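Please look over the chain and its fold before reading on. The paragraphs below take up one region after another.

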Amino acid sequence: VQLQASGGGLVQAGGSLRLSCVVSGRTFVRYPMGWFRQAPGKDREFVASISWSGGSTFYSDSVKGRFTISRDDAKNAVYLQMNSLRADDTGLYYCAAYMGTALYSETYFRPSDFGSWGQGTLVTVSS
């Protein structure tokens with residue numbers, strides 16, 4: 001599975017961005033997908049995840065109510081709509097495919113259970 005993330009950029013606080021991640025390779029519909037981010041000097045952190053069916057979505061507390069993850073299986077793509085952006089949302093955003101062997105609903109937030117990381121797309125929010 002190869003992932004290509006795009007849509008990052010520079011935006012003022014309170015603004016919006018929509019990130020896209022296009023998946024190629026193995027059958028996309030088999031994988032739950034996730035978005036993670038990494039700010040300078042910090043560890044990679046969970047942002048949002050969506051089940052293979054799209055029926056379940058999960059968010060970190062810091063983005064809940066502001067970000068929305070979705071997927072379009074016909075386009076082999078997953079999206080992250082980011083609204084009400086804040087300066088602390090700044091970072092390199094990665095999409096990844098869930099490849100864990102444990103129960104997804106209990107491990108959806110663990111970077112170690114994701115693979116095929118894309119190259120990341122940079123989001124910079126100015127205050």
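Over the face of which ring does R44 lie, at 3.9 Å from the ring centre? In this predicted model, the ring in question belongs to Y94, with R44 over its face at 3.9 Å from the centre. R44 also lies over the face of W117, where the distance to the ring centre is 4.5 Å, and both Y94 and W117 are members of one aromatic cluster, which further includes F36, F46, F58, Y98, Y104, Y108, F109 and F114.

That cluster is a good place to continue, given that the structure holds twelve aromatic pairs. In one of them, the rings of F58 and Y108 have their centres 3.9 Å apart and their planes at 15 degrees, and since planes under 30 degrees apart count as stacked, this pair is a stacked one. F58 belongs to strand β6, residues 57–59, whereas Y108 sits in the loop between α1 (104–107) and β10 (114–115), so the pair ties together parts that are 50 residues apart in sequence. Both partners fall under the 20% limit for burial: F58 is buried with a relative accessible area of 19%, and Y108 is buried with a relative accessible area of 18%. Another pair, formed by Y98 and Y104, is edge-to-face, with 5.0 Å from centre to centre and 75 degrees between the planes. Here too the rings belong to buried residues, for Y98 has a relative accessibility of 5% and Y104 a relative accessible area of 13%.

From the aromatic residues the reader may turn to the sheet. Four strands make up an open sheet, in the order β1-β3-β8-β7, and their pairing is antiparallel. The edges are taken by β1 (2–6) and β7 (67–72), each of which has a single partner strand, so that one side of each is left without a neighbour in the sheet. From one strand to the next, the twist averages 15 degrees. The partner of β7 is β8, residues 77–82, and the two strands pair in the antiparallel sense over six bridges; within this pairing, S70 has Y79 of β8 as its bridge partner.

Beyond β8 the chain enters the loop that leads to β9 (91–98), and D89 has its place in this loop. How accessible is D89, and does it count as buried or exposed? The relative accessibility of D89 is 0%, so this residue counts as buried. Its side chain is joined to that of R37 by a polar contact of 2.9 Å, and the side chain of D89 also reaches the backbone nitrogen of R86, at 2.8 Å. When residues up to four places away in sequence are not counted, D89 touches R37, R66, F67, S84, V123 and V125.

L85 lies in the loop between β8 and β9 as well, and with a relative accessibility of 2% L85 counts as buried. Which residues surround L85, once its neighbours within four places in sequence are left aside? The residues in contact with L85 are V11, A13, G14, G15, S16, L17, R66, F67 and V125. Among them is G15, which is 70 residues away from L85 along the chain, although the C-alpha atoms of the two are separated by 5.5 Å. R66, F67 and V125 are in contact with L85 and are also among the residues that D89 touches.

Terms used. Residues numbered from 1 in each chain as written. Predicted model: local features only at pLDDT ≥ 70, side-chain atom pairs only at ≥ 80, totals over all residues. Heavy atoms only, no water. Pairing = 2+ DSSP bridges. Axes fitted to C-alpha atoms, helices over the stretch in contact; angles between N-to-C directions. Buried < 20%, exposed > 50% of the residue type's maximum accessible area, 1.4 Å probe, protein only. Polar contact = N/O pair within 3.5 Å; in protein donor to acceptor, adjacent residues only side chain to side chain. Contact = heavy atoms within 4.5 Å. Phe/Tyr/Trp six-rings, centres within 6.5 Å; stacked < 30°, edge-to-face > 60°. Lys NZ or Arg CZ within 6 Å of the ring centre and 35° of its normal.
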